[in-house]
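Welcome! Let us take a short tour of the structure shown below, starting with a single loop and ending where two chains meet.

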Protein chains: 2
Amino acid sequence: MSDISHTQWSTKRWAQEIASRLAAGDRQEPLVNVNADDRREFDAIFLGGGAAGRFGAAYLRAMGGRPLIIDRWPFLGGSCPHHACVPHHVFSDVAAQLLLERTFSGKLWFQDLRGKTTSIKDVVEMFRQGRTGPHAFMNYQSKEQLDLEFVLGTGGRILDAHTVSAAGETYRAKNLVLATGARPKNLGLDGQALKGVFNFASLVDTLDYEPGPTAVIVGASKTAIEYGCFFNATGRRTIVVCRNRPLSIIHDGETRAFLIERMEEQGMEFWPGSLTAIEGDKRGRVRAVTIRTPMGEVSVATDFVFLGIGERPNSEEAREVLGVSVDAEGFVEVDSRMRTSVPDVYAVGDLVGAPMEMFKARKGGVYAARNIMGEESHYHLKDYPDFMHTHYEVCWLGLGEEQARERYREVVVLKLPPDNPDGHEVALPAGDRMMLYAMMEPRLSGFQKLVIDGSSRRILGAFHVGYGAKDGFQYLAPMVRNGLTVDELGEMDELFLNPSYFIQLCRLRAGSKVLRGL
Amino acid sequence: MSDISHTQWSTKRWAQEIASRLAAGDRQEPLVNVNADDRREFDAIFLGGGAAGRFGAAYLRAMGGRPLIIDRWPFLGGSCPHHACVPHHVFSDVAAQLLLERTFSGKLWFQDLRGKTTSIKDVVEMFRQGRTGPHAFMNYQSKEQLDLEFVLGTGGRILDAHTVSAAGETYRAKNLVLATGARPKNLGLDGQALKGVFNFASLVDTLDYEPGPTAVIVGASKTAIEYGCFFNATGRRTIVVCRNRPLSIIHDGETRAFLIERMEEQGMEFWPGSLTAIEGDKRGRVRAVTIRTPMGEVSVATDFVFLGIGERPNSEEAREVLGVSVDAEGFVEVDSRMRTSVPDVYAVGDLVGAPMEMFKARKGGVYAARNIMGEESHYHLKDYPDFMHTHYEVCWLGLGEEQARERYREVVVLKLPPDNPDGHEVALPAGDRMMLYAMMEPRLSGFQKLVIDGSSRRILGAFHVGYGAKDGFQYLAPMVRNGLTVDELGEMDELFLNPSYFIQLCRLRAGSKVLRGL
């Protein structure tokens with residue numbers, strides 16, 4: 001093991017150290033950053049240094065406590081920069097860029113990509129090279145700026161509710177915070193072990209060939225759609241096999257319809273049904289799948305299958321050693337203080353179940369830290385904004401139009417494009433990253449909708465398809481929760497051309513006591 | 001003239017009608033949409049249907065009043081969709097796209113643009129074709145959704161404070177709202193009339209040749225920098241001649257330095273000094289300019305000069321006919337109710353001076369409407385967020401670090417990249433539209449900073465260089481004005497990878513009673 005408690009590595013050095021350890025795999029040398037001069041007992045061991053563990057530890061440290069993080073990877077930040085949010089955003093950026101280049105192929109300065117397939121393997125390899133950059137930064141920040149202590153590159157073994165062994169040492173703490181995350185679910189088919197069947201984690205870790213012309217995606221999850229759009233944008237036939245209606249997470253019918261239309265226009269195929277067999281060749285590579293559809297079983301030739309069917313928790317050790325209560329799917333049960341059924345043991349992050357989102361993981365860590373440090377603090381998930389990618393960024397919060405009409409009598413909708421004889425063939429909205437569409441292919445320039453209770457004048461929901469509204473939805477959400485009205489929104493100062501036109505649409509109508517739609 | 005009060009045109013039809021009228025220029029047939037059955041006197045005539053006039057009229061209409069808009073152009077929306085915000089955003093989107101394609105030339109699927117110049121003319125022509133789309137939409141919305149009455153495609157002539165003639169008719173109203181805007185300033189040099197000397201308006205209206213290898217920009221305004229970055233991104237030598245330090249509008253030194261570095265890295269040249277002569281060839285085209293610099297006079301060969309030296313108001317007629325008071329530069333003086341010195345005459349938009357921003361124009365119109373309709377209402381510009389483009393989107397609000405340190409004792413700064421041995425060569429921030437940079441050229445992946453008063457824990461300022469934070473700054477601004485703290489920001493729900501990392505950076509430090517920087 002390397003004791004690095006007295007070193008100060010630059011981010012460049014960190015990137016080298018992380019890359020060599022990742023290459024060494026199970027034989028990597030653990031990194032130990034523990035202050036031997038500090039005689040205080042640890043307030044908490046965070047088992048897992050991902051979003052939940054790292055933010056929890058940082059917060060506990062800021063409060064004056066002493067946390068220790070133990071993680072099997074040689075970096076902090078967990079699956080996000082390695083397998084999840086970061087590659088996902090890389091691939092979604094690629095999808096957005098390729099949509100642009102394909103749409104305007106041969107126009108202006110654009111190269112002609114019509115009929116051409118671009119490489120998936122090159123993009124994955126680029127990410128695999130690049131990911132040590134964020135890894136390095138998070139290690140640097142955690143050590144030099146957040147003063148965190150950690151043992152990395154080795155699995156910690158739980159001995160009891162206060163004790164974990166790692167890298168040949170035994171660490172004791174007043175509390176244990178389980179933050180071991182989740183992993184992709186299996187499909188339960190024999191063929192799943194064949195080369196060419198991937199999930200989001202194995203794709204970035206193991207893809208070593210150029211996929212053929214057909215990609216089969218299984219599932220209707222965010223991940224399934226997001227990766228499907230990436231594969232589609234590379235020019236491949238893309239079949240999404242899903243039991244459930246895709247995009248059901250976006251609870252506004254019109255927004256969903258806009259998205260499905262745009263995806264289908266790009267050639268994406270949504271097949272209702274399920275995968276019943278994955279067939280391999282002699283070398284152990286996928287060569288076809290069988291899909292059960294309402295129209296019967298269909299065989300599709302493919303060497304590239306992607307599973308986006310959800311995740312299951314890494315809770316086995318905690319159940320066996322500590323006996324923490326779990327739900328039917330194995331997710332660890334916690335109360336609003338992030339406490340498990342076992343005294344002094346907390347759990348946070350993906351390990352405690354949906355939503356598998358960054359803000360929930362990080363805030364769960366923070367709430368655990370507060371409770372550990374004696375500040376009673378209850379975390380209630382509520383009315384959070386959400387997003388996903390197709391070829392676009394899609395953001396939403398609050399109620400969809402249908403839900404709103406069920407609950408309120410005077411629902412008013414402001415949207416772009418509005419209902420009009422030309423449908424979506426209208427050159428607004430337009431905003432950053434959308435201008436060429438607005439000028440040359442207005443149909444592709446996005447969709448946005450604000451749902452309002454005409455009686456109280458309060459904003460009930462907001463939906464945005466386009467680019468650049470994600471940051472805004474973060475800040476709009478608490479305002480909407482606190483009763484933001486159409487009048488208050490209309491008084492704000494827009495930065496035009498703002499990606500969402502909510503402020504100015506409100507202003508156009510706010511003069512009237514009886515609100516009308518747009 | 002065409003009476004269109006009983007027709008309902010689709011946006012497609014509107015686009016055709018507008019295009020043919022623009023082509024006809026001064027000989028175009030005016031469009032009259034006045035409800036002859038309505039016997040009420042107009043509450044206000046809005047002279048000018050741009051951002052200020054159109055929003056003011058819409059608001060007045062929503063309040064139950066009767067407005068009439070008169071505009072010389074055959075469309076509503078004014079200079080924004082025709083000359084200003086919209087083309088500017090098109091060109092900035094092109095600059096961002098070309099920065100990406102140049103940076104990754106020959107990598108992944110990217111074409112190789114190294115050493116190649118792309119067309120400015122094609123982009124301008126594309127915009128010239130495309131702009132009738134937004135024009136059409138605004139006419140459609142104004143007539144069919146906002147129930148506005150208007151006379152378009154003909155200049156209105158002011159007869160007195162209540163009377164304007166247009167298209168052979170005389171219109172009378174209880175009030176007159178001047179919203180005639182501003183136009184680009186001249187340089188005062190003989191050569192300015194040469195072909196090849198442009199401002200933002202003439203560029204999109206008249207460019208009919210492909211500019212040569214060198215662009216000379218005059219001025220340090222937002223417009224100068226934004227258009228300069230576009231010309232630079234096309235692969236041309238770009239010299240910005242400016243008396244004042246560029247970007248002085250962005251009041252944070254570090255943010256400014258990041259931007260200047262990135263622009264200079266792309267080859268932009270900032271020459272302190274001024275243009276003293278523009279030289280033409282026999283055909284009346286620019287062939288060189290003389291620039292006075294601290295090092296002496298330099299002649300630069302160029303066929304393409306762009307002036308971004310500010311605007312002057314279209315206030316002449318109102319001064320002569322009505323005698324409204326104006327300031328030294330000719331901008332119409334108004335009080336906080338948007339009233340001019342002449343009873344019943346209001347003025348709004350660019351005509352009343354800086355900031356020449358959309359929100360101020362639109363809100364000015366709204367405040368004028370309220371006061372006209374008897375609702376006393378005072379517009380005070382304060383603490384508004386702002387933005388501009390380089391090759392990036394740049395957003396800011398509140399105090400810069402230097403200003404904050406002058407006023408507060410315990411200023412805390414949270415930023416990305418942080419001060420560290422590798423400088424800006426750090427792979428965070430990363431966010432949508434920035435992922436390829438984060439992976440392959442981290443130096444280019446942006447900069448962001450939050451300025452906080454450690455004592456009250458209030459946010460004092462925020463700065464963002466990257467993409468996708470514009471919407472967020474709109475909503476952050478009123479929260480900051482209302483005293484948003486680091487603790488409240490840290491409790492929000494981020495949509496990760498959020499373009500601005502403000503929420504999570506706050507959360508990392510909020511646990512501590514004594515705030516520290518990052």
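## A guided look at the model

A:Asp147 sits in the loop between helix H6 (132-145) and strand S5 (149-152) of chain A; helices (H or I, at least four residues) and strands (E, at least two) are DSSP runs, numbered from the N terminus. The phi angle of A:Asp147 is near 55°, a positive value in a residue other than glycine.

Before going on, please note that this is a predicted model, in which local features need pLDDT of at least 70, side-chain atom pairs count only at pLDDT 80 or more, and totals for chains, interfaces and linings use all residues. Residues are numbered from 1 along each chain as its sequence is written, chains are lettered from A and ligands numbered from 1 in the order in which they are written, and side-chain values use heavy atoms, with hydrogens and water left out.

Most residues other than glycine have a negative phi, and most peptide bonds are trans. Chain B offers two cis peptide bonds to look at, listed here with their places.

| Cis peptide bond | Omega | Place of the proline |
|---|---|---|
| B:Ala354 to B:Pro355 | about -5° | loop between strand S19 (345-347) and H11 of chain B |
| B:Leu428 to B:Pro429 | near 10° | loop between strand S22 (411-416) and helix H13 (435-440) of chain B |

Helix H11 (residues 358-372) of chain B also meets helix H2 (residues 51-62) of chain B: their axes come within 7 Å and cross at roughly 35°. Axes here are lines fitted to C-alpha atoms, for helices over the stretch in contact, and angles run from 0 to 180 degrees between N-to-C directions. Contact means heavy atoms within 4.5 Å. Residues making this contact include B:Phe55 and B:Tyr59 of H2(B) and B:Val366 and B:Ala369 of H11(B).

Now for the charged pairs. Over all chains there are 90 salt bridges, each a side-chain nitrogen of Lys or Arg within 4 Å of a carboxyl oxygen of Asp or Glu. One of them joins A:Arg433 and A:Asp93, with the closest N and O atoms 3.2 Å apart. These two residues are 340 residues apart in the chain, and A:Asp93 belongs to helix H4 (residues 85-103) of chain A.

Finally, how many residues of chain B are in contact with chain A? There are 106, and they touch 106 residues of chain A. The rule finds 12 salt bridges across this interface. B:Asp493 pairs with A:Arg481 in a salt bridge, the closest N and O atoms being 3.7 Å apart.
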